[in-house]
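Reader: Please take one close look at the interior of this model, and then follow it outward to the surface. I would like cut-offs given for the terms you use.

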Amino acid sequence: MLGALKPVLEDATRPKLGQHAKYDINVLSNYGIDVRGLVHDTMLQSYVLNSTATRHDMDTLAKRHLAYDTIHYEDVTGKGAKQIAFSQVDVDSACRYAAEDSDITLRLHHALWPQLQSQAALRAVYEDIEIPLVSVLARMEQRGVLIDAAALRAQSQQLARRMHELTEQAFAIAGRNFSLDSPKQLQAILFDELKLPILVKTPGGQPSTNEEALAAIASQHELPRVILDYRGLAKLRSTYTDKLPAMVNPRTGRVHTSYGQAIATTGRLSSSDPNLQNIPIRTEEGRRIRQAFVAPDGWKIVAADYSQIELRILAHLSGDAGLMAAFHGGQDVHRATAAEVFGVSQEMVDPNQRRAAKTINFGLMYGMSAFGLARALGIARGDAQDYMARYFARYPGVQTFMEEVREQARRDGYVETLFGRRVYLDYIHSRNGAQRAGAERAAINAPMQGTAADIIKRAMLAVDAWLIDQADSARMLMQVHDELVFEVRETRIDAIVAGVRERMAGAAQLQVPLVVDIGVGANWDEAH
DNA sequence: CATGTCACG
DNA sequence: ACGTACGTGACATGA
């Protein structure tokens with residue numbers, strides 16, 4: 001069958017329609033078939049029409065648009081311990097399931113494509129960004145990234161030893177044994193037995209043992225610090241140093257993530273199994289994990305990230321003169337903001353003022369309140385209010401922009417990115433004040449996060465198209481929201497760095513420059 | 001499967 | 001009185 005289908009599937013002039021076609025493309029790739037000619041994907045149609053609405057899997061879409069209950073995968077294979085591989089399913093059941101898959105996909109296409117076709121901006125996002133991106137992502141997933149599994153295993157051993165020591169310490173301090181991994185047991189010790197004050201609660205109303213809560217009581221008792229140290233190590237070990245070596249594909253010797261193209265409401269990608277978009281970077285111990293992401297002999301890792309892309313997008317979308325000037329002058333934008341808010345020259349900005357300005361800049365993009373700013377900076381609410389008032393006085397365009405975004409959300413029920421991608425806000429008219437406020441914050445953030453997502457996707461398409469003519473000099477391996485990671489032949493570094501920079505910087509024409517920082521190294525950490 | 005926690009941008 | 005900074009994915013626990 002594969003032999004009969006191969007010429008059809010590989011013929012780009014024969015148009016293909018799929019539901020989550022990237023999945024099928026990857027399966028067929030494992031059987032030596034290079035699918036060409038994908039023109040439609042109903043999952044992506046649904047996602048571009050409304051990223052917020054629902055999940056975009058076939059069962060959900062069939063129910064929603066066709067009022068049809070599909071045969072579920074688990075109906076055919078069973079589930080849990082008794083589940084069998086699809087290859088073990090009897091041919092009659094497999095045929096029914098697979099035939100329905102094709103039938104429903106075409107019927108979904110007839111339901112969704114007319115809606116998309118009639119809205120030019122959405123159609124362009126779909127046709128010019130999402131559909132062509134499918135093949136780029138499929139190849140990134142298939143390529144995988146090389147990791148130094150032995151180094152990670154060694155780090156796991158070290159972490160285990162230190163965790164054991166911390167466990168012994170914790171037992172001695174607490175006066176009894178308990179599971180350091182159990183928030184419930186820890187809560188009983190800290191707040192019932194030791195009577196430490198409850199300063200933070202969980203969303204469920206329980207006394208929290210999270211980092212903020214433990215840090216707040218660390219001055220009153222020695223146990224919280226030990227737990228914090230233990231937690232830091234436990235996270236690294238369970239999620240990364242144990243897990244990543246176990247996920248190396250024996251056939252390729254590499255780790256292969258899956259990119260979610262219809263998950264994040266703003267248009268971002270997600271990464272799973274394993275998630276390569278949350279590899280540690282903020283601590284030295286964490287960076288050792290990044291050091292295990294390596295290049296093969298004769299190759300280097302090249303990491304290219306957009307500098308301050310969301311703030312630049314804020315400058316562009318708001319048209320605020322002050323913010324645009326900071327970027328045009330090539331200034332340190334947080335320093336520039338500090339100078340404005342605190343009324344000093346940029347040279348006189350102290351580190352604390354810069355840190356506060358950075359918090360303000362980021363917080364504003366998330367719709368943060370004075371209360372939130374006060375908490376983030378550990379200052380009085382009145383002072384935070386003053387800072388924000390001064391910020392908006394200095395950057396009036398930003399305030400106007402944010403009010404306009406809120407207005408659009410209330411009027412239309414959605415907001416837009418620079419390229420016309422829509423993000424619907426389901427709770428913008430909620431009678432529940434907290435929900436409504438949450439929707440307003442999401443509305444503020446979505447145009448910036450979403451435009452950044454559009455831009456890097458456009459850059460990926462441009463870079464990929466260019467790399468095809470570069471004789472396998474470089475391979476795009478990962479995308480981490482504002483960063484692209486490549487492996488590049490050592491002999492070709494300079495040309496590839498220049499080409500990548502040019503295409504990433506040129507992925508959108510903004511009122512401010514798009515700056516790309518690029519590093520080269522033997523591993524992902526060195527490349528930063 | 002829900003909850004709490006924590007890794008990233 | 002409550003909640004208060006957006007978007008994700010993965011892990012361990014415990015019912």
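Author: Among contacts in chain A between residues at least 6 apart in sequence, 62% link residues at least 24 apart; two residues are in contact if their C-beta atoms, placed from the backbone, lie within 7 Å. The model is predicted: local features need pLDDT of at least 70, side-chain atom pairs count only at pLDDT 80 or more, and totals for chains, interfaces and linings use all residues. Residues are numbered from 1 along each chain as its sequence is written, while chains are lettered from A and ligands numbered from 1 in the order in which they are written.

The secondary structure of chain A consists of 22 helices and twelve strands (DSSP runs numbered from the N terminus, H or I of at least four residues for helices and E of at least two for strands). Its radius of gyration is 26 Å, close to the 24 Å given by the globule rule for 528 residues, so chain A is as compact as a globular protein of that length. The radius is taken over C-alpha atoms, and the rule is 2.2 Å times the number of residues to the power 0.38. Along the principal axes, the C-alpha trace of chain A spans about 70 × 60 × 60 Å.

Of the 528 residues of chain A, 36% count as buried. Buried means that 20 or more other C-beta atoms lie within 10 Å of a residue's own, exposed that 12 or fewer do, and partly exposed is in between. In soluble globular proteins, nonpolar side chains tend to be buried together. The largest nonpolar core here has 133 residues, and Ile147, Leu314 and Ala443 have the most contacts inside it. Helix α21 (residues 433-467) contributes the most to this core, with 14 residues. A core of this kind is a set of buried Ala, Val, Leu, Ile, Met, Phe, Trp, Tyr and Cys residues joined through C-beta atoms within 7 Å.

Setting aside residues up to four places away in sequence, isoleucine 147 touches Leu152, Leu244, Val248, Val255, Ala292, Phe293 and Val294. Another isoleucine, residue 129, lies in helix α7. Isoleucine 129 is buried, with 20 other C-beta atoms within 10 Å. Beyond its neighbours within four places in sequence, isoleucine 129 is in contact with Asp454, Lys457 and Arg458. Its C-alpha atom and that of isoleucine 455 are separated by 9.7 Å, although the two residues are 326 residues apart along the chain.

Two helices show how burial is arranged. In helix α15 (residues 321-328) the buried residues are Leu323, Met324, Ala326 and Phe327. Seen down the axis of α15, they fall within an arc of 155 degrees, so they line one face of the helix; the arc is that of the directions from the helix axis to the C-beta atoms. The face of α15 turned away from its buried side carries exposed Ala321 and His328. The cover over the buried residues of α15 includes α14 (309-318), α16 (333-342) and α20 (396-412). Just after α15, glycine 330 has a positive phi of about 65 degrees.

The buried residues of helix α2 (residues 21-29) are Ala21, Lys22 and Ile25. Down the axis of α2 these occupy an arc of 100 degrees, so they too line one face of their helix. They pack against β1 (16-18), β2 (38-41) and α7 (120-143).

The loops hold some backbone details. Glutamine 308 has a positive phi, near 50 degrees, in a residue other than glycine. This glutamine lies in the loop between β7 (299-306) and α14, and with 20 C-beta neighbours inside 10 Å it counts as buried. Alanine 67 also has phi near 50 degrees, in the loop between α4 (58-66) and α5 (73-77). Alanine 67 is exposed, with 7 other C-beta atoms within 10 Å. The peptide bond from aspartate 273 to proline 274 is cis, with omega near -5 degrees, and proline 274 sits in the loop between β6 (270-272) and α13 (284-290).

Helix α21 also appears at the surface near DNA strand C, where it gives the most, with seven residues. A residue is near a strand if its C-beta atom, placed from the backbone, lies within 6 Å of it. Of the 37 residues around DNA strand C, Ser182, Ser238, Ser270, Ser272 and Gly372 come nearest. Around DNA strand B there are 23 residues, of which Gly204, Thr209, Asn210, Asn278 and His481 come nearest.
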